[in-house]
Every structure is written in C-alpha cells, then in structure tokens.
Amino acid sequence: MTLAAVDARPDLRVDMSEDPADIRHRALRALLAYWTERCPGPDRLPSRADIDPVGMKAFLPHVMLVDVTGKPARFRWRLLGTATIGWLHRDMTGRWFDEIYAGPVLESMYGMYRTTVTTRRPARFTGRASFASKDYVTFETLHLPLSAPGDPDGPVRMILGGAVLQIPDRAR
C-alpha cells in the first residue's frame with residue numbers, strides 16, 4: 001500500500017497506512033488488528049457498538065475515543081486511557097478540543113482528526129510532544145474511524161485511537 005504523508009507542522013508528520021509494519025508500538029498494532037477484525041467489509045466501518053472494552057485489555061490504557069460532530073467537524077474527548085492521562089497529567093474527558101487547545105496546537109489536532117474523518121481510513125501520526133516543554137518526548141498515535149451504529153457506509157461519527165509516548169532514558 002502506498003503511504004501518503006502530510007506535514008501539519010515541522011515536528012509533526014502524518015503517515016496514513018493500514019500496514020501494521022509501519023506501526024512501531026505493539027499496543028497500536030494490536031488496536032489496528034482489533035479494529036480491522038470488526039470492519040464489516042472493504043471500505044465499510046465498524047461502529048462504537050462493535051467495540052467492546054473486554055476485548056481490548058492488552059492495550060486499553062492507550063485507548064482514546066473522540067466524538068465527531070457537525071460540519072465542519074468539531075471534536076470532543078469522549079474517553080482517554082489511563083496511560084494517556086498519566087502522560088498529560090490531566091483528564092480531558094468530555095472536553096471539546098477548541099476549549100483546551102489554541103493556535104498551532106489546535107490546528108494540528110484538527111488536522112490530524114479531520115484526516116481520519118475525510119479519508120475514512122486508519123491514520124498513523126508521529127512527532128514530538130508539544131506540551132509542558134517536553135520536546136524530547138516522541139509520540140505515535142493511531143486513529144481509526146467509526147461510523148454511526150447500523151451505517152457502515154456512512155460518515156465518521158467517532159474516532160477510536162491509541163497513543164504511546166516515548167521518553168528517552170536520559171530524560172527520565
């Protein structure tokens with residue numbers, strides 16, 4: 001499969017691929033396999049109703065859910081895994097992106113999530129963290145589109161994602 005890449009800002013590269021070989025972290029590879037198993041067919045999306053946390057135990061701390069509403073799309077954190085909350089030192093569950101982020105950070109966040117909504121395909125994102133002056137921290141995220149229940153050919157209504165931060169040993 002051909003990789004498409006978009007530079008949202010100099011320290012953020014967006015790679016779109018369904019090939020697990022491109023995904024570095026095993027939790028994100030497992031999440032992609034889980035989502036793929038629930039797809040009802042080629043170019044058809046699973047819905048939130050197809051996702052069961054019981055089957056996600058191996059990677060659940062890295063999972064996030066994002067609500068997608070309106071046109072243009074607006075995004076809200078529905079759920080953040082415990083690993084993500086621990087890295088961020090705060091729980092943003094229930095908050096709209098535009099209530100939390102501003103400027104280039106908001107633009108980058110919207111760019112990543114809009115990519116998934118527009119393409120209706122998995123998207124992998126990597127880069128350097130841009131919070132709390134921790135630019136030595138790298139991240140890898142995976143965003144997986146979900147449709148409305150009973151509408152696998154319809155628009156993306158939610159994004160199932162996973163996030164992993166990597167801190168170099170010298171920074172710990």
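**View 1. Asp43, a loop residue out in the open.** In these legends, buried means under 20% relative accessible area, exposed means over 50%, and partly exposed is in between (1.4 Å probe, protein chains only). This is a predicted model, in which local features need pLDDT of at least 70 and side-chain atom pairs count only at pLDDT 80 or more, while totals for chains, interfaces and linings use all residues. Residues are numbered from 1 along each chain as its sequence is written, and side-chain values use heavy atoms, leaving out hydrogens and water. Asp43 counts as exposed because its relative accessibility is 73%. Look for Asp43 in the loop between helix 1 (26-38) and strand 3; helices (H or I, at least four residues) and strands (E, at least two) are DSSP runs numbered from the N terminus. The backbone of Asp43 is worth a glance too, since phi is near 60 degrees, a positive value in a residue other than glycine. Most residues other than glycine have a negative phi.

**View 2. The whole chain, for orientation.** Four helices and seven strands make up the secondary structure of the protein chain. Going along the sequence, they come in the pattern β-β-α-β-β-α-α-α-β-β-β. Of the 172 residues in the protein chain, 44% are buried. Take the contacts (heavy atoms within 4.5 Å) between residues at least 6 apart in sequence: 55% of them join residues at least 24 apart.

**View 3. Phe97 and its two ring partners in strand 4.** Rings of Phe, Tyr and Trp (its six-membered ring) pair if their centres lie within 6.5 Å, with planes under 30 degrees apart called stacked, over 60 edge-to-face and the rest tilted. That rule gives nine aromatic pairs. In one of them, Phe75 and Phe97 have ring centres 5.7 Å apart and planes at 35 degrees, so the pair is tilted. This pair ties together distant parts of the chain, as Phe75 is in strand 4 (residues 74-80) and Phe97 is in helix 3 (residues 97-100), 22 residues apart. Phe75 and Phe97 are both buried. The rings of Trp77 and Phe97 also make a tilted pair, because their centres are 4.8 Å apart and their planes sit at 40 degrees. Here again distant parts of the chain are linked, with Trp77 in strand 4 and Phe97 in helix 3, 20 residues apart. How much of Phe97 and Trp77 is accessible? Phe97 has 0% relative accessibility, and Trp77 has a relative accessible area of 5%.

**View 4. The aromatic cluster and the core around it.** Zoom out a little and ring pairs link Phe75, Trp77, Phe97, Tyr101, Tyr110 and Tyr113 into a cluster. The largest nonpolar core (buried Ala, Val, Leu, Ile, Met, Phe, Trp, Tyr and Cys residues joined through side-chain atoms within 4.5 Å) has 45 residues. Phe75, Trp77, Phe97, Tyr101, Tyr113 and Leu160 have the most contacts inside it. Strand 7 (residues 156-166) is the top contributor to this core, giving seven residues. Phe75 has plenty of company: setting aside residues up to four places away in sequence, its contacts include Val66, Val68, Tyr110, Val117 and Ile159.

**View 5. Two arginines over rings.** A charge sits over a ring if NZ of Lys or CZ of Arg is within 6 Å of the ring centre and within 35 degrees of the ring normal. Arg38 places its charged end over the ring of Tyr34, 3.4 Å from the centre. Over the face of Trp96 you'll find Arg74, at 4.0 Å from the ring centre.

**View 6. A cis peptide bond before Pro72.** Lys71 and Pro72 are joined by a cis peptide bond, with omega at about 0 degrees. Pro72 belongs to the loop between strand 3 (63-69) and strand 4. Most peptide bonds are trans.

**View 7. Helix 4 and the residue after it.** Helix 4 runs for 17 residues and reaches 24 Å from its first C-alpha to its last, close to the 24 Å expected at 1.5 Å a residue (1.5 Å times one less than the number of residues). Its buried residues include Leu106, Met109, Tyr110, Met112 and Tyr113. Following helix 4 comes Arg120, with a positive phi near 60 degrees. Arg120 sits in the loop between helix 4 (103-119) and strand 5 (123-128), and its 23% relative accessibility makes it partly exposed.

**View 8. Thr84, tucked away in helix 2.** Thr84 is part of helix 2 (residues 82-88). Is Thr84 buried or exposed? Thr84 counts as buried, because its relative accessibility is 6%. Neighbours within four places in sequence aside, Thr84 touches Pro61, His62 and Ala163.
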